[in-house]
Amino acid sequence: MKKKLVTLLFMMCGLVIVLAGCGGKEKEVSKKDSSKEKAETSEATTGASETSYTALDKLKDSYDIVIVGSGGAGMSAALEAKEKGMNPVILEKMPIAGGNTMKSSSGMNASETKFQKEQGIEDDNDLFYEETLAGGHGTNDKELLRYFVDHSGEAIDWLDSIGIRLNNITITGGMKEKRTHRPEDGSAVGQYLVNGLVKNVQKQEIPLFVNADVTNITEKDGKVNGVEVTFDGKEKKTIKADAVVVTTGGFGANMEMISETNPELKDYVTTNQKGSTGDGIKMIQKLGGVTVDMNEIQIHPTVQQEKSYLIGEVVRGEGGILVSSDGQRFVNELDTRDKVSQAINQTPDKYAYLVFDAGVAERAKAVEQYKQQGFVKEGKTLADLAKEINVPSEKLESTMTKWNEDVATKTDSMYGRTTGMDHDLSKGPFYAIKIAPGIHYTMGGVKINPNTEVLTQEGTPIKGLYAAGELVGGLHGQNRIGGNSVAEIIIFGRQAGEQSAAFVNTNN
């Protein structure tokens with residue numbers, strides 16, 4: 001009996017060891033899978049996991065409206081179209097939703113908003129219009145611009161109504177009033193916005209297919225009637241639709257197009273996600289759509305060069321300054337992006353340091369991302385920071401003393417800066433990020449009217465074809481104001497969804 005018991009105990013112990021070993025292996029595999037997923041997923045994919053997307057076997061042969069592109073404009077269009085009783089579908093060529101919207105950091109400009117009023121910020125649409133027109137050097141499409149500013153406040157309300165609250169307000173270059181709306185905690189707007197829109201798309205049961213590369217927009221008898229799309233690089237389908245909304249973004253990652261339209265920029269780094277290749281513009285041109293301002297390409301002044309990583313305007317908006325390699329300021333940091341970029345390119349080394357303190361880091365949550373990426377140099381004192389970035393200590397300290405004196409009197413005695421001066425830079429530790437200009441945004445694109453209808457050379461709409469977002473030209477003119485791109489995708493994305501739905505209703 002004892003022998004049987006001993007044998008049984010040995011068997012049970014062996015079983016426990018085997019099970020424990022199996023469990024350990026499962027955990028090890030899980031960790032490997034997890035690390036692999038992290039390695040394959042960029043910082044822009046947070047919250048946009050593959051579980052968010054529709055399986056290919058759910059694809060239908062036809063939809064009321066096909067939306068090409070899943071950035072802020074595409075998802076806003078889809079939600080509006082669904083609200084109007086349509087059956088839309090979103091097709092995204094990349095493996096994740098979000099496009100360039102994911103990379104947005106500063107915020108969304110809007111005037112006469114409820115959040116401005118709550119915070120005692122006096123602003124109006126006419127001022128927003130005039131400052132944007134001045135920022136674009138008077139070359140903006142005035143009809144589009146008027147629609148844009150007049151519908152900016154309600155776009156903030158609409159986002160709030162679907163759980164996307166942008167009530168933390170700062171300022172960007174070229175603006176005189178605080179109208180750049182951010183998430184409540186001051187974090188980067190892009191991921192928060194995309195995550196919120198994806199949740200709403202899911203909630204409304206709008207199909208969103210990724211790895212779905214639309215290669216052609218079809219038409220019959222002068223009216224758009226669908227798209228040709230390749231799934232996962234191999235399976236080709238033709239999908240019928242009563243209207244098509246194109247929201248594929250600009251061409252900032254297509255260096256061939258950049259070189260053709262503005263050869264001076266061919267050697268610049270780009271902040272654009274790799275899907276920004278101008279596909280939508282080319283497809284629309286094939287249908288007779290006309291383009292405007294294709295040579296107007298925005299250079300952002302503060303780009304970390306090794307990783308082509310955008311350092312958002314919010315750091316300057318919250319008080320940061322720029323110094324050259326000699327430790328001295330050389331420009332109004334919150335002038336328009338083209339002027340600040342030009343000033344950096346005119347320094348002897350063609351780069352600068354964005355310098356700020358712990359207070360800015362607390363108010364601009366995006367700084368945490370920059371720290372995680374390894375971009376941020378730190379010093380307990382200014383002398384320590386100067387040593388870290390190899391600039392003359394006495395010059396940097398003198399620069400900061402002068403700046404803090406100017407902040408106290410709200411008068412930039414050197415370069416006339418009037419904004420982003422609510423706080424001085426006196427709270428240690430101190431930080432710096434090495435930056436230089438990089439390709440950031442393509443102002444040019446297809447021509448639309450305020451109804452987002454795509455226009456021909458003659459100015460007539462192509463029936464059933466709508467466009468919104470960065471692939472559209474004209475709104476920004478020769479220079480885009482920071483914070484206006486996020487506003488554009490929401491305002492005109494919503495309009496594209498509404499107008500395409502009205503077209504479908506009228507023509508059926």
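Select L91 first and display what surrounds it: leaving aside neighbours within four places in sequence, L91 is in contact (heavy atoms within 4.5 Å) with V66, I67, V68, G69, F209, A212, V214, V227, V229, F231 and I239. What you have open is a predicted model, in which local features need pLDDT of at least 70 and side-chain atom pairs count only at pLDDT 80 or more, while totals for chains, interfaces and linings use all residues. Residues are numbered from 1 along each chain as its sequence is written, and side-chain values use heavy atoms, with hydrogens and water left out.

Now add I217 and L465, which together with L91 have the most contacts inside the largest nonpolar core, a set of 98 residues. Such a core consists of buried Ala, Val, Leu, Ile, Met, Phe, Trp, Tyr and Cys residues joined through side-chain atoms within 4.5 Å, where buried means under 20% relative accessible area (1.4 Å probe, protein chains only). Helix 16 (residues 484–506) gives the most to this core, namely ten residues; helices here are DSSP runs of H or I with at least four residues, and strands are runs of E with at least two, numbered from the N terminus. Another core, apart from the largest one, has 42 residues, among them V340, V355, A361 and V367.

Move on to helix 9 (residues 279–286) and colour its buried residues, G280, I281, M283 and I284. On which side of helix 9 do they lie? They lie on the same side of helix 9, because they cover an arc of only 165° around the axis, taken from the directions from the helix axis to the C-beta atoms. The buried residues of helix 9 pack against several strands, including strand 7 (212–220), strand 9 (235–246) and strand 19 (461–467). Just after helix 9, look at G288, which takes a positive phi of about 100°.

Next, show helix 2 (residues 72–83) with helix 7 (residues 189–203), whose axes, lines fitted to C-alpha atoms over the stretch in contact, come within 10 Å and cross at roughly 30°, on a scale from 0 to 180 degrees between N-to-C directions. That makes helix 2 roughly parallel to helix 7, since angles under 35 degrees count as roughly parallel. To see the contact, select G72, M75, S76 and L79 of helix 2 and V194, L197, V198, N200 and V201 of helix 7.

Finish at helix 14 (residues 382–389) and helix 15 (residues 393–409), which pack at an angle of about 130° with their axes 9 Å apart.

Technical notes: Buried means under 20% relative accessible area, exposed over 50%, partly exposed in between (1.4 Å probe, protein chains only). Angles under 35 degrees count as roughly parallel, over 145 as roughly antiparallel, 65 to 115 as roughly perpendicular and the rest as oblique.
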